[in-house]
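Me: Please take a close look at one part of this model and explain how it is held in its surroundings. I should like a connected account that begins with individual polar contacts, proceeds to the sheet, and ends with the charged pairs.

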Amino acid sequence: MACSWSKISPIIPILVCFLLVASSICPVAHASKISGDRTANQTFNPEQELKKLKIIRARLKNINKPAVKTIQSPDGDLIDCVLSHRQPAFDHPLLKGQKPLDPPERPKGQNLPPGMVTENFQRWTMSGTLCPEGTIPIRRTREQDMMRASSVKRFGRKLRRHVRRDSSSNGHEHAVGYVSGDQYYGAKASINVWAPRVVNQYEFSLSQMWVISGSFGDDLNTIEAGWQVSPELYGDNYPRFFTYWTTDAYQATGCYNLLCSGFVQTNSRIAIGAAISPTSSYSGGQFDISLLIWKDPKHGNWWLEFGSGVLVGYWPSFLFTHLQNHASMVQFGGEVVNSRPSGSHTATQMGSGHFAGEGFGKASYFRNMQVVDWDNSLIPLSNLKVLADHPNCYDIQGGINNFWGNYFYYGGPGRNVRCP
């Protein structure tokens, strides 16, 4: 494959904006400190535990809707088939009594390159049992899911933090490509799927797209989708399809997946938060998921498409402030949490766990990256910049060719000789 590599860009002013977005994810404490704090607080308080359990059960009653059918997934998940109009989105005051909208006009210029695997199956569908029409599959949230959470009150949300403007102490490390300086009405990419190693419950590894608008202060709006390995959120190390949204820089609005009212799911075959299968293997088979997010020109809602033309659902435009109009930045790439276990850099992997220079079949990739313009047309990226804030731990190399369009390889092993 003919490649044209671009060098990793230096730390430039745009990094400030990027870090304001990416570091809004949960604050990181050292694993040793967390362990010590929890040991110190192990005194059992029956009254406090009972109160916590009551809160958890109340939240579960609100999150888990009555199912017309339940499917047992081989990975241990329970998938509830919930009537479409009973899904969590319709708890929202502005959606009560409504039903999901009809499919919107799709962007012009969608062409999937031949010969590549563009749709992954989810593990819960392996038995061949699916949810009936008129229902949507929802991964059931259980008590143990909430018990793992660092905050029961904020379960399903990224934790609030004072946003830092530096790249050295927030515990989140990134390798991303981004475009800015224009008006964007959507984004598309095919994302290579791996199962990176995550060394403890307090860390995660993800690969995603961010559609962003706002001043990068308290009014930051984002729409996010991709795959993640998050032992805290899911209780295992499977890569899982996820979504996220916020309108206030991760403070009080938004959530993962369907864990609050907001995203309206229209698809009966895809469970958001469910494990993806198969995954890629080193020097073996490569699998990716194609994701498209775009703004419906007619109603202004932001739609999500998975694979080859499969609509997942939409974020109603009224959820947002700045994104009611358009996005001002689009980012693609990987992120990990580094809790510095035992005082050294984490060995949590990003992507495949191998550096970008190893190339196809060994390093993880994003390919066929595009944005949607004002005319609802998919167009190539102009002036894609790539950035790795800890390149000795995780790096990135971008290029462009006729088959993959704009692409990059990214990732790494974390702790190594050059990343102690």
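Reply: **Polar contacts and their setting**

The backbone nitrogen of L323 lies 3.2 Å from a polar atom of the side chain of N221. The model is a predicted one, and the distances and accessibilities given here are computed from it. The side chain of N221 also reaches the backbone oxygen of T247, again at 3.2 Å. N221 itself is buried, because its relative accessibility is 0% and the threshold for burial is under 20%. Leaving aside residues up to four places away in sequence, N221 touches V211, I212 and S213, then T246 and T247, and finally F320, T321, H322 and L323. The two residues that supply backbone atoms to the polar contacts, T247 and L323, are thus also found among the residues that N221 touches.

N221 belongs to strand β8, which covers residues 221–229. This strand is part of an open sheet of six strands, arranged in the order β9-β8-β7-β15-β5-β18 with antiparallel pairing. In this order β8 stands between β9 and β7. The edges of the sheet are β9 (240–246) and β18 (385–388), each of which pairs on one side only. On average, neighbouring strands of the sheet are turned by 15° against each other, direction ignored. In general, the strands of a sheet pair through backbone hydrogen bonds, in either a parallel or an antiparallel manner.

Towards the other edge, the pairing can be followed residue by residue. Strand β5 (residues 172–184) is joined to β15 (residues 327–337) by ten bridges, and the two run antiparallel. Within this pairing, H172 stands opposite V337 in β15. Four bridges join β5 to the edge strand β18, also in antiparallel fashion. There A175 faces A388, and V176 has L387 as its bridge partner.

The account now turns to the charged pairs. As a general matter, side chains of opposite charge can pair when their charged atoms come close. The model holds twelve salt bridges. One of them links E143 and R57, with the closest N and O atoms 2.8 Å apart. Because E143 lies in helix α4 (residues 143–148) and R57 in helix α3 (residues 46–63), this pair ties together parts that are 86 residues apart in sequence. Both partners count as partly exposed, E143 with a relative accessible area of 29% and R57 at 48%.

Another salt bridge joins the side chains of R106 and E305, at 2.9 Å from N to O. R106 is situated in the loop between β2 (78–83) and β3 (121–122), whereas E305 is in strand β13 (residues 302–306), so this pair connects parts that are 199 residues apart in sequence. Here the partners fall into separate classes of accessibility: R106 is partly exposed, at 31%, whereas E305 is buried, at 1%.

R139 and D145 form a further salt bridge, with their closest N and O atoms 3.7 Å apart. Both R139 and D145 are buried. This pair does not stand alone, for a network of salt bridges links D77, R139, D145, R148, D236 and R240.

In summary, N221 is buried, its side chain makes polar contacts with the backbone at T247 and L323, and its strand β8 takes its place in a six-stranded open antiparallel sheet.

Key:
Residues numbered from 1 in each chain as written. Predicted model: local features only at pLDDT ≥ 70, side-chain atom pairs only at ≥ 80, totals over all residues. Heavy atoms only, no water. Salt bridge = Lys/Arg side-chain N within 4 Å of Asp/Glu carboxyl O. Buried < 20%, exposed > 50% of the residue type's maximum accessible area, 1.4 Å probe, protein only. Pairing = 2+ DSSP bridges. Axes fitted to C-alpha atoms, helices over the stretch in contact; angles between N-to-C directions. Polar contact = N/O pair within 3.5 Å; in protein donor to acceptor, adjacent residues only side chain to side chain. Contact = heavy atoms within 4.5 Å.
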